[in-house]
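Colleague: I am new to reading protein models, and I would love some help with this one. Could we go through it together, one question at a time?

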Amino acid sequence: MKQAVVLLSGGLDSMVCAALAREAGFEVVALTVDYGQRHRVELEAAKRIAADLADRHVILPLDLRAFGGSALTADVAVPKDGVGEGIPVTYVPARNTIFLSLALGLAEASGARDLYVGVNALDYSGYPDCRPAFVAAFEALANLATKAGVEGAGFTIHAPLQDMTKADIAREAARLGLDAGQSHSCYDPAPDGGACGACDACRLRAKGFEDAGLSDPTRYA
């Protein structure tokens with residue numbers, strides 16, 4: 001069976017991606033990056049999801065707090081005033097470029113030629129590395145920058161949620177029979193792991209379940 005490397009953050013989007021990769025017939029190699037994120041509870045969520053959906057789970061430490069530049073990796077307050085215009089301070093500099101590069105290395109080493117990433121260009125916070133142009137450009141880069149790519153065994157970057165709303169993603173989780181309550185989205189959870197309910201990620205997630213007509217399984221603080 002062919003393998004696919006899935007970037008598994010512990011959030012709903014990456015959970016759905018892992019399930020879609022399995023549905024497509026792939027063995028799932030899940031890659032979770034421990035980047036020193038404020039919302040460390042998502043690492044536990046990733047472990048729970050991987051236990052159900054992954055054949056192999058790699059948790060890679062790469063502490064991006066050494067760079068800073070984001071409310072998720074530095075001592076900067078997470079905004080709670082609603083989704084605004086422009087790129088918010090929760091943007092982590094070049095995060096998806098870094099993570100996809102790591103996933104590409106893991107894929108080439110593992111013999112996988114398919115990578116799944118849960119980026120979304122509709123109901124998102126305006127991050128530049130969630131857009132279709134970025135995904136297409138990274139796939140082109142992957143096939144120029146690797147031994148496998150230049151020898152003709154090219155890579156495909158799958159972004160199956162790219163054109164979905166959060167409501168669509170919530171419905172897809174339900175269709176796939178997933179327990180969405182295992183996932184975690186909040187950027188600024190309480191010490192007990194409960195979601196704040198006010199950050200961009202919480203607002204988008206809650207609206208997605210509401211618009212989908214589904215019960216929100218999120219545990220709020």
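Below, we take the strands, the enclosed spaces and the annotated residues in turn.

Modeller: Happy to help! Before you start, please keep in mind that this is a predicted model.

Colleague: Let me begin with strand 1: how many of its five residues are buried?

Modeller: Strand 1 runs over residues 3-7. A residue is called buried when its relative accessible area is under 20%. Strand 1 is mostly covered, and the number of its residues that count as buried is four.

Colleague: Which residue in strand 2 does V6 stand opposite?

Modeller: Strand 1 pairs with strand 2, residues 27-34, in the parallel sense, and the pairing has five bridges. Within strand 2, the residue facing V6 is A30.

Colleague: And which residue in strand 4 does V5 stand opposite?

Modeller: Strand 1 also pairs with strand 4, residues 114-116, again in the parallel sense, this time over three bridges. In strand 4, the residue across from V5 is L115.

Colleague: Which hand does the β-α-β unit of strand 1, helix 1 and strand 2 have?

Modeller: You have already met the two strands of this unit, which pair in the parallel sense. The helix of the unit is helix 1, residues 12-23. Together, strand 1, helix 1 and strand 2 form a unit that is right-handed.

Colleague: Now to the empty spaces. Which element gives the most to the lining of the largest cavity?

Modeller: Searching the whole structure for cavities of 30 Å³ or more turns up one, and its volume is about 740 Å³. Its lining has 35 residues, with S9, D13, R95, G118 and Y187 nearest the centre. Helix 1, strand 2, helix 3, helix 6 and helix 7 each give two or more residues to this lining. The top contributor, with five residues, is helix 7.

Colleague: What about the largest pocket: which element supplies the largest share of its lining?

Modeller: The largest pocket holds about 200 Å³ of space. It is lined by 16 residues, and those nearest its centre are G181, S183, H184, G193 and R219. Two elements, helix 2 (41-53) and helix 7, supply at least two residues each. The largest share, three residues, comes from helix 2.

Colleague: UniProt has a "binding site" annotation that includes D13. Is D13 buried or exposed?

Modeller: That annotation, from an unreviewed entry, covers L8, S9, G10, G11, L12, D13, S14, M15, V16, C17 and A18. Of these, L8, S9, G11, L12, D13 and S14 belong to the lining of the largest cavity. Leaving aside neighbours within four places in sequence, D13 is in contact with G118, N120, L161, K166 and I169. Its relative accessibility is 14%, which is under the 20% cut-off, so D13 is buried.

Colleague: V16 is in helix 1 too; what is its relative accessibility?

Modeller: Setting aside neighbours within four places in sequence, V16 is in contact with L161, I169, E172, A173, L176 and L178. V16 counts as buried because its relative accessibility is 0%.

Colleague: I also see a "binding site" annotation on C186, C196, C199 and C202. What is the largest C-alpha distance among them?

Modeller: This annotation also comes from an unreviewed UniProt entry. The four cysteines are spread over 17 residues of sequence but cluster in space, with a largest C-alpha distance of 7.1 Å.

Colleague: Which of those four residues are in the lining of the largest pocket?

Modeller: One of the four, C202, lies in helix 7 and is buried, at 4% relative accessibility. Beyond four places in sequence, C202 touches C186, A195, C196, G197 and Y220. From the annotated set, the pocket lining includes C186 and C202.

Colleague: Where is C199?

Modeller: C199 is buried, with 0% relative accessibility. Not counting residues up to four places away in sequence, it touches V78, P79, K80, C186 and Y187. Its place is the loop between helix 6 and helix 7.

Colleague: One last thing: what is phi of A94 near?

Modeller: A94 sits in the loop between strand 3 (56-61) and helix 3 (95-110). It is partly exposed, since its relative accessible area is 33%. Its phi is positive in a residue other than glycine, with a value near 60°.

Conventions:
Residues numbered from 1 in each chain as written. Predicted model: local features only at pLDDT ≥ 70, side-chain atom pairs only at ≥ 80, totals over all residues. Heavy atoms only, no water. Buried < 20%, exposed > 50% of the residue type's maximum accessible area, 1.4 Å probe, protein only. UniProt positions renumbered as here; feature names shortened; annotations may be inferred. 1 Å grid on protein atoms, 1.4 Å probe; cavity = no way out; pocket = protein on both sides within 12 Å on 5 of 7 lines; lining within 4 Å. Contact = heavy atoms within 4.5 Å. Pairing = 2+ DSSP bridges. Right-handed = clockwise from strand over helix to strand, strands pointing away. Points joined across faces, edges and corners; volume = space filled by probe spheres on them.
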